Amino acid sequence: MSERAFVMIKPDGVERGLIGEIVSRFEKKGLRLVRAELTSIPKEKAEIHYEHLKSKPFFDELVEYITSGCVFSMIIEGTAAVQNVRSLIGPTNPAEAPPGTIRGDFGLDVAQNIIHGSDSVDNAIREIKLFFEK
Ligand code: DAT
Ligand code: MG
């Protein structure tokens with residue numbers, strides 16, 4: 001059963017030149033890159049993307065960070081893409097992410113954790129609509 005996940009390399013990942021390395025990990029896993037765009041995100045779109053975190057104390061910092069530079073947005077497709085992408089990315093906090101995961105190998109700080117991946121099929125559909133259907 002093929003599925004689609006929305007994945008976004010955040011400004012720190014783009015700035016550090018990790019796009020190729022990260023895309024390569026998804027491809028080696030057997031997932032396919034079906035769309036991609038290097039772009040900056042307007043504040044309003046960032047606020048919609050993260051609206052479930054609006055009440056959190058770090059919300060303003062999060063929106064400021066995600067809009068601080070270019071992001072690399074992708075649609076990744078394949079079997080159980082949402083779950084497989086999340087397992088390659090690793091836990092939210094890079095300090096708790098095991099080596100071998102993207103956050104475990106490249107991140108230090110939860111506020112700059114390199115990459116976003118949809119956490120459910122419903123959110124993947126919502127996020128793909130938000131970022132790729134203009
Ligand atoms: P994930 O990105 O693993 O799905 P999430 O949806 O709970 O995690 O949070 C979205 C982003 O918010 C996360 O990638 C980084 C930021 N974030 C989460 N918890 C944080 C915290 N305690 N302090 C600062 N930023 C945080
Ligand atoms: Mg999330």
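A80 lies in the loop between β3 (71-79) and α5 (81-89). In this predicted model, phi of A80 is near 45 degrees. That value is positive, and A80 is a residue other than glycine. A80 is partly exposed, with a relative accessible area of 24%. This class applies because 24% falls between the limits of 20% for buried and 50% for exposed.

A positive phi is also found at I114, again in a residue other than glycine. Here the angle is near 75 degrees. I114 lies in the loop between α6 and β4. I114 is buried, with a relative accessible area of 0%. The assignment follows because buried means under 20% relative accessible area.

The loop between α6 (102-106) and β4 (115-117) also holds D109. D109 is partly exposed, and its relative accessible area is 39%. This residue contributes to a negative surface patch. The other members of the patch are D60, E61 and E64. Residues of a patch must have over 30% relative accessible area, so D109, at 39%, meets that requirement.

D12 was examined next. D12 lies in helix α1, which covers residues 11-15. Its relative accessibility is 9%, so D12 counts as buried. D12 and H52 are 40 residues apart along the chain. Their C-alpha atoms are separated by 22 Å.

The chain as a whole has seven helices and four strands. From the N terminus on, the elements run β-α-α-β-α-α-β-α-α-β-α. The order thus opens with a strand and ends with a helix. Pairs of helices stand between the successive strands in this order. Helix α5 (81-89) comes after strand β3 (71-79), with A80 in the loop between these elements. Helix α6 (102-106) precedes strand β4 (115-117), and D109 is placed in the intervening loop.

Overall dimensions were computed from the C-alpha trace. Along its principal axes the trace spans about 35 × 35 × 25 Å. The radius of gyration of the chain is 14 Å. A compact globule with 134 residues would have a radius of gyration near 14 Å, so the chain agrees with that expectation. Of the 134 residues, 44% count as buried. D12 is one of the buried residues, at 9% relative accessibility. I114 is another, at 0%.

Technical notes
Residues numbered from 1 in each chain as written. Chains lettered and ligands numbered in written order. Predicted model: local features only at pLDDT ≥ 70, side-chain atom pairs only at ≥ 80, totals over all residues. Heavy atoms only, no water. Patch = residues over 30% accessible without salt bridge, like charges linked within 9 Å, V, L, I, M, F, W, Y side chains within 5 Å. Areas by Shrake-Rupley, 256 points an atom, 1.4 Å probe, with all protein chains shown as cover. Salt bridge = Lys/Arg side-chain N within 4 Å of Asp/Glu carboxyl O. Lys, Arg positive; Asp, Glu negative; His and termini not counted. Charge placed at Lys NZ, Arg CZ, Asp CG, Glu CD. Helix = DSSP H or I, 4+ residues; strand = E, 2+ residues; numbered from the N terminus. Buried < 20%, exposed > 50% of the residue type's maximum accessible area, 1.4 Å probe, protein only. Rg over C-alpha atoms; globule rule 2.2 N^0.38 Å.
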